[in-house]
Amino acid sequence: MSVPEIIRRAIEIGERNGKITFDELNRLCDSSVLDPKDIERVLNALSEARIWIEGD
């Protein structure tokens with residue numbers, strides 16, 4: 001899955017649930033090889049969308 005697709009799906013989950021968990025985020029990224037800059041892009045996009053990441 002591409003980084004923009006991961007971001008889109010993570011934001012969808014976050015908007016639906018009011019948050020996204022680390023497990024949900026890990027499942028989205030599971031099949032992708034992300035470098036640190038990609039991870040930063042995902043986290044920044046979630047922050048800008050005001051979606052919190054929480055532990056399970």
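A crossing of two helices is called right-handed if the near helix is turned clockwise from the far one by less than a right angle. I start there since the first item is a crossing. The model is a predicted one.

The crossing of H1 and H3 is right-handed. Two packed helices are described by the angle between their axes and the distance between the axes. For H1 and H3 the angle is about 30°, and the axes are 10 Å apart. Angles under 35 degrees count as roughly parallel, so H1 is roughly parallel to H3.

Now the residues at that contact. On the H1 side they are Val3, Pro4, Ile6, Ile7, Ala10 and Ile11. On the H3 side they are Asp38, Arg41, Val42, Ala45 and Leu46. By type, the contact of H1 with H3 has 9 nonpolar residues, 2 charged ones and no polar ones.

Asp38 is worth a stop. Is Asp38 buried or exposed? Its relative accessibility is 16%, and the cut-off for buried is under 20%, so Asp38 counts as buried. Asp38 sits in helix H3. Setting aside residues up to four places away in sequence, Asp38 touches Val3 and Val33.

Next, the core. The largest nonpolar core has 14 residues, and those touching the most other members are Ile7, Ala10, Ile20, Leu25, Leu28, Val42 and Leu46. Which elements give two or more residues to this core? They are helix H1, residues 3–17, helix H2, residues 22–29, and helix H3, residues 36–48. H1 gives the most, with 6 residues.

Take two of those core residues in turn. Leu25 touches Ala10, Ile20, Val42, Leu43, Leu46 and Ile53, again not counting residues up to four places away in sequence. Ile20 is in strand E1, which covers residues 19–21. With a relative accessibility of 0%, Ile20 counts as buried. On the same sequence filter, Ile20 touches Ala10, Ile13, Gly14, Leu25, Leu28, Leu46, Ile51, Trp52, Ile53 and Glu54. Ile20 and Ile51 are 31 residues apart along the chain, and their C-alpha atoms are separated by 7.1 Å.

Thr21 is also in strand E1. Thr21 is buried as well, at 9% relative accessible area. Outside a window of four places in sequence, Thr21 touches Ile53, Glu54 and Asp56.

Back to helix H1, where Arg9 lies. Which residues is Arg9 in contact with, leaving aside neighbours within four places in sequence? They are Met1 and Leu28. The C-alpha atoms of Arg9 and Leu28 are separated by 7.8 Å, with the two positions 19 residues apart along the chain as the offset. Arg9 counts as partly exposed, at 34% relative accessibility.

Last, a backbone item. Most residues other than glycine have a negative phi. Arg50 is not a glycine, yet its phi is positive, about 60°. Where is Arg50 found? Arg50 is in the loop between H3 and strand E2, the latter being residues 52–54. At a relative accessible area of 72%, where exposed means over 50%, Arg50 is therefore exposed.

To recap: H1 and H3 cross with a right-handed sense, H1 gives the most to the largest nonpolar core, and Arg50 has the positive phi just described.

Definitions and conventions. Residues numbered from 1 in each chain as written. Predicted model: local features only at pLDDT ≥ 70, side-chain atom pairs only at ≥ 80, totals over all residues. Heavy atoms only, no water. Core = buried A, V, L, I, M, F, W, Y, C linked by side-chain atoms within 4.5 Å. Buried < 20%, exposed > 50% of the residue type's maximum accessible area, 1.4 Å probe, protein only. Helix = DSSP H or I, 4+ residues; strand = E, 2+ residues; numbered from the N terminus. Contact = heavy atoms within 4.5 Å. Axes fitted to C-alpha atoms, helices over the stretch in contact; angles between N-to-C directions. Parallel < 35°, antiparallel > 145°, perpendicular 65-115°, else oblique. Nonpolar A, V, L, I, M, F, W, Y, C, P; charged D, E, K, R; others polar.
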